[in-house]
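Student: Please take a close look at one part of this model and tell me how the pieces there pack against one another. I would like a connected account, with the geometry stated carefully.

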Amino acid sequence: MNYSVKKIGQILNATTQIDSKIVTGVSFDSRKVKSGDLFVALVAENDGHDYVQQALTKGATAVLVDDRHQIDSKIPAIIVSDTLLALQQLGEYRRHQINPKVVAITGSNGKTTTKDMASAIMDSQYKTFKTPENFNNEIGVPLTLLTMPDDTEVLVVELGMDRPGQLTTLSELVSPDIAIITMIGEAHIEFFKTRENIAKAKLEITKGLKSQGTLLIPYDEPLLTNAQVKQNVQTFGQDIKDINSSSSKTIFTYQNTRFAIPLLGRYNIMNALAAISAGILLHIELKNAAEALQHFDLTKNRTEQLTTSHGVNLISDVYNSNPTAVAAVLATLKIIPATHKYVVLGDMLELGEQAASLHACLAETVINANVDGVYLVGPLMNKYLYPILQRRFDSAHLHQYETDQLAELIKDLQTLGENGDVILLKASHGIHLENVVNALVK
């Protein structure tokens, strides 16, 4: 990015002052501003206009502010009616200026892993940029567009959603050539009430999908396969052969090509096939895709495989959680070869009025996983799952903790297991089991 304040004003049809300055980056957090940045004063829980001076002191070249706030005439500035809308418009301009092929990914689970896989595959033949970390909302997506390098040929962008209409905005912003829906689960069912409503909201990704673009959906999800979509639709997940799993990878054959991914679980095969299918649409050779997936960069806390100081294997999947995701990862745990296996389950959040039944229904899945010990964290797990599991586990093998007792949980887990044993940790991000993971691998 290399725009003058005047140029940004022209793009946004906005008033400018001291417009000879050059902007080379964008930030909305005054604490993270770097020299050359445009500081975007967003109005949310905190009003970014209160931090304009701090941003300038940190090295901001100019500020993007709204016309309801007074700004010193000596400050390089772009003045608009809505700073969030202006940020999105600026991002959209850059998307069309660079004009890469865009692969947009959404889904109740697996979208970040699929993003990482797709990026690795595309990078085998194209100059590729992907959504940093989890920048997948109305702020993060335009920031992704604005930090995209000038020579980007393929952009792999993750689109999040927690309410109707959100994906319409994001999809229209990035105008994808390929859209992927990884799966329909129960994430955000508190707001959507049913999986049918979640599927309808996920299909908003087609609102910005180009008319000649392609929507990729799992072959076994009737809520998607029966949907009416104007663009081309292809399914993924069929015709997998020779699946084998070890403690560190999953191997399978697809279209006569052998793939080995450094992740566990059939659900990650589905994520891989979504990414591979997108690669095929962009003429990636399967041998290149297979090589790329052997060692790709996985965003932190997405089914990470780690090891404690005394050799216990950790499977960390603590960024989000819902019943479908828990069932999938416990099915994976069941087939991992290990002498002893333990599971740490934290509350699944944003399940609304269905929270009680959805937590209770995990009991059979946990029992069938054949684990040696269960550690439950949070009021929902303790209230609805713990009493059911008490019928199958004695007090030596079933434990419960409140969310403010992570220190006690860490202490108990630090001496749990021996070399080669496995501990799985799964929870919504709000439970902060990543702090437990970090303590165990120090």
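Tutor: A relative accessibility of 0% places Phe-259 among the buried residues, and it should be kept in mind from the outset that this is a predicted model. Phe-252, likewise with a relative accessible area of 0%, is buried. Both belong to the topic of aromatic rings, and a pair of such rings is described by the distance of the centres and the angle of the planes.

By the rule that ring centres must lie within 6.5 Å, the count comes to three aromatic pairs. One of them joins Tyr-3 and Tyr-93, whose ring centres are 6.1 Å apart and whose planes stand at 75 degrees; since planes over 60 degrees apart count as edge-to-face, that is the class of this pair. Tyr-3 belongs to strand 1 (residues 3–4) and Tyr-93 to helix 3, so the pair ties together parts that are 90 residues apart in sequence. Tyr-3 counts as buried because its relative accessibility is 5%, whereas Tyr-93, at 30%, counts as partly exposed. Another aromatic pair, that of Phe-252 and Phe-259, is stacked, with 5.4 Å from centre to centre and 10 degrees between the planes.

Tyr-93 leads on to the helix that carries it, and to the packing of that helix with helix 1. The axes of helix 1 (residues 5–12) and helix 3 come within 10 Å and cross at roughly 100 degrees; because angles from 65 to 115 degrees count as roughly perpendicular, the two helices are described in that way. Helix 1 brings Lys-7, Ile-8, Ile-11 and Leu-12 to the contact, while helix 3 brings Ala-86, Gln-89, Leu-90 and Tyr-93. Sorted by character, the residues of this contact are six nonpolar, one polar and one charged.

Helix 3 (residues 83–98) also packs with helix 5 (residues 140–147), and here the angle is about 40 degrees, with the axes 8 Å apart. Helix 3 and helix 5 are therefore oblique to each other, and their crossing is left-handed. On the helix 3 side, the residues that meet helix 5 are Leu-87, Gln-88, Leu-90, Gly-91, Glu-92, Arg-94 and Arg-95, and on the helix 5 side they are Pro-142, Leu-143, Leu-145 and Leu-146. The residues of this contact comprise six nonpolar, two polar and three charged. Leu-90 thus appears in the contact with helix 1 and also in the contact with helix 5.

Helix 5 deserves a further look for its surroundings. Seven of its eight residues are buried, so helix 5 is largely enclosed by the rest of the structure. The buried residues are Gly-140, Val-141, Pro-142, Leu-143, Thr-144, Leu-145 and Leu-146, and among these Pro-142, Leu-143, Leu-145 and Leu-146 are the ones that meet helix 3. The cover over the buried residues of helix 5 includes helix 3 itself, together with strand 4 (25–27), strand 9 (128–130), strand 10 (154–158) and helix 6 (166–174).

For contrast with these buried residues, consider Asn-419, which sits in the loop between helix 16 (406–414) and strand 22 (422–426). Asn-419 counts as exposed because its relative accessibility is 66%. When its neighbours within four places in sequence are left aside, Asn-419 is in contact with His-310 and Gly-311. From Pro-164, Asn-419 is separated by 255 residues in sequence and by 47 Å in space, taken from C-alpha to C-alpha.

Conventions
Residues numbered from 1 in each chain as written. Predicted model: local features only at pLDDT ≥ 70, side-chain atom pairs only at ≥ 80, totals over all residues. Heavy atoms only, no water. Axes fitted to C-alpha atoms, helices over the stretch in contact; angles between N-to-C directions. Helix = DSSP H or I, 4+ residues; strand = E, 2+ residues; numbered from the N terminus. Parallel < 35°, antiparallel > 145°, perpendicular 65-115°, else oblique. Left-handed = near helix turned anticlockwise from the far one by under 90°. Contact = heavy atoms within 4.5 Å. Nonpolar A, V, L, I, M, F, W, Y, C, P; charged D, E, K, R; others polar. Phe/Tyr/Trp six-rings, centres within 6.5 Å; stacked < 30°, edge-to-face > 60°. Buried < 20%, exposed > 50% of the residue type's maximum accessible area, 1.4 Å probe, protein only.
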